[in-house]
Amino acid sequence: MSDLAGFFEVPWSDYRPDLLDALGRTLSYTAVSFAGAVLLGLAVALLRLSRAWPARALAAVYTEVFKNVPLLAIIFLTYFGLASAGLRLDVFTAGCLSLVVFYAAYLSEIFRSAISGVHAGQTEAGEALGLGRAGIFGHIILPQAVRQALPGTNTMLVDLLKSTSLLVTVSAAELMSEGRLITSATFRALEVYLVVSAVYFALCYPLSQLLLLVERKVRAGVPLSPWRRRRLRAARALLGGDVITNTGVDAGPNTGTNAGPNTGTNAGPNTGTNAGPNTGTKEATA
């Protein structure tokens, strides 16, 4: 225990406010960058599926370029390269922009594959119902594509959170940058980076498990939005009312049909036929 206590010599209480601020900035980078990457990735995926070949070519070039360039090079180009060309961006904007353009390339491939995986008959069914292209995509194609795209999208979110650590190269004041500052002040690199790694694990592992739970619920057909829950409850109530109505309609006619004619047919003729002739035959013979 003494050796373990001697290992942790950094006064973490003194750095707690700075670490909390760095944690909040890391989450801000993640949220803003992921939202932008999803929107840009969806736009690029739709361009890849467009009927116009220039749009498809432009989207394909974008995807291949940013998939095959390291994220660190994109960060340097965005922060240092644009500044040398006269376009100076602040650290937060440059960091978010770098993450957006990089992860949008991967998300576009995920979205394109998911949209292409929806059967063409779904589009034909929407056209038969009189829906326009926007209505077909929003009400028919997109809900089914989301289910197929969830696994890859969830992986990209966790990977983006970890990749915010690369912003340490531009002093973005996130967790890794704060860890470097603490290391410079205490000269306890092993202890500091172990703690920073533990913080990243505490962020990424619960997030990945939560996303996995959401993925399972969506695949099981569980509605996640309140609007879809209300619609599902209304549909169940309507179906329950139809079942009760059908039960009441079937009870009356069937009882009357079976009770009346069957009783009369079996009771009258059979009794008369069996009782009369049989009795008379035996009496005459005797």
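Is F80 buried, partly exposed or exposed? At a relative accessibility of 43%, F80 counts as partly exposed, and the tour will come back to this residue once the overall fold and the interior have been visited. Please keep in mind throughout that the model on the screen is predicted.

**The whole chain**

Begin with the protein chain in a cartoon view, where the secondary structure comes to 10 helices and 0 strands, so that the succession of elements from the N terminus reads α-α-α-α-α-α-α-α-α-α. If you then colour the 286 residues by burial, 28% of them fall into the buried class. Switching to a surface view, you are looking at an accessible area of about 17500 Å², of which 65% belongs to carbon and sulfur atoms. Among the contacts of the protein chain with a separation of 6 or more, 74% are between residues 24 or more positions apart.

**The largest nonpolar core**

Next, select Y103, L107 and L167, which are the residues with the most contacts inside the largest nonpolar core, a set of 38 residues. Helix 2 (12-48), helix 3 (53-67), helix 4 (71-84), helix 5 (91-116), helix 7 (133-163) and helix 9 (189-219) each supply at least two residues of this core, and the greatest contribution comes from helix 5, with 12 residues. In soluble globular proteins, nonpolar side chains tend to be buried together.

Now centre the view on Y103 and display what surrounds it: leaving out residues up to four places away in sequence, Y103 touches A37, L71, M156, D159, L160 and S163. Apart from the largest core lies another core, of 9 residues, and selecting V10, L19, A22 and V196 will show you some of its members.

**From helix 2 across to helix 7**

Select L42, which lies in helix 2 and, at 25% relative accessibility, counts as partly exposed. With neighbours within four places in sequence set aside, L42 is in contact with F111, I115 and F137. If you add I110 to the selection and draw a distance between the C-alpha atoms, L42 and I110 are 9.2 Å apart in space, although 68 residues separate them in sequence.

From I110, move on to T153, whose place is in helix 7. T153 is buried, with a relative accessible area of 11%, and its contacts, again leaving aside neighbours within four places in sequence, are with F34, L107, I110 and F111. F111 therefore deserves a moment's attention, because it is in contact both with L42 and with T153.

**A second threonine, in helix 2**

Which backbone atom does the side chain of T26 reach? Select T26, which lies in helix 2 and is buried, with a relative accessible area of 0%, and you will find that its side chain reaches the backbone nitrogen of L175 at 3.1 Å. Not counting residues up to four places away in sequence, T26 touches L161, T164, E174 and L175.

**Aromatic pairs**

Show the aromatic rings next, where the count comes to 7 pairs. The rings of Y62 and F66 have centres 4.7 Å apart and planes at 45 degrees, so this pair is tilted. Y62 and F66 are 4 residues apart in helix 3, which separates them by about one helical turn. What differs in their accessibility is the class to which each is assigned: Y62 is buried, with a relative accessible area of 17%, whereas F66 is partly exposed, with a relative accessible area of 21%, and the two values fall on either side of the 20% cut-off.

Then return to F80 and select it together with F76. The ring centres of F76 and F80 are 5.5 Å apart and their planes stand at 85 degrees, so the pair is edge-to-face. Both residues lie in helix 4, where they are 4 residues apart, about one turn of the helix. F76 is partly exposed, with a relative accessible area of 36%, and F80 is likewise partly exposed, at 43%. Adding Y79 completes the picture here, since F76, Y79 and F80 form one aromatic cluster.

**Two cysteines**

As a last stop, select C96 and C204. C96 is buried, with a relative accessible area of 7%, and C204 also counts as buried, at 9% relative accessibility. The count of disulfides in the model comes to 0.

Methods: Residues numbered from 1 in each chain as written. Predicted model: local features only at pLDDT ≥ 70, side-chain atom pairs only at ≥ 80, totals over all residues. Heavy atoms only, no water. Core = buried A, V, L, I, M, F, W, Y, C linked by side-chain atoms within 4.5 Å. Buried < 20%, exposed > 50% of the residue type's maximum accessible area, 1.4 Å probe, protein only. Contact = heavy atoms within 4.5 Å. Phe/Tyr/Trp six-rings, centres within 6.5 Å; stacked < 30°, edge-to-face > 60°. Areas by Shrake-Rupley, 256 points an atom, 1.4 Å probe, with all protein chains shown as cover. Disulfide = S-S within 2.5 Å. Polar contact = N/O pair within 3.5 Å; in protein donor to acceptor, adjacent residues only side chain to side chain.
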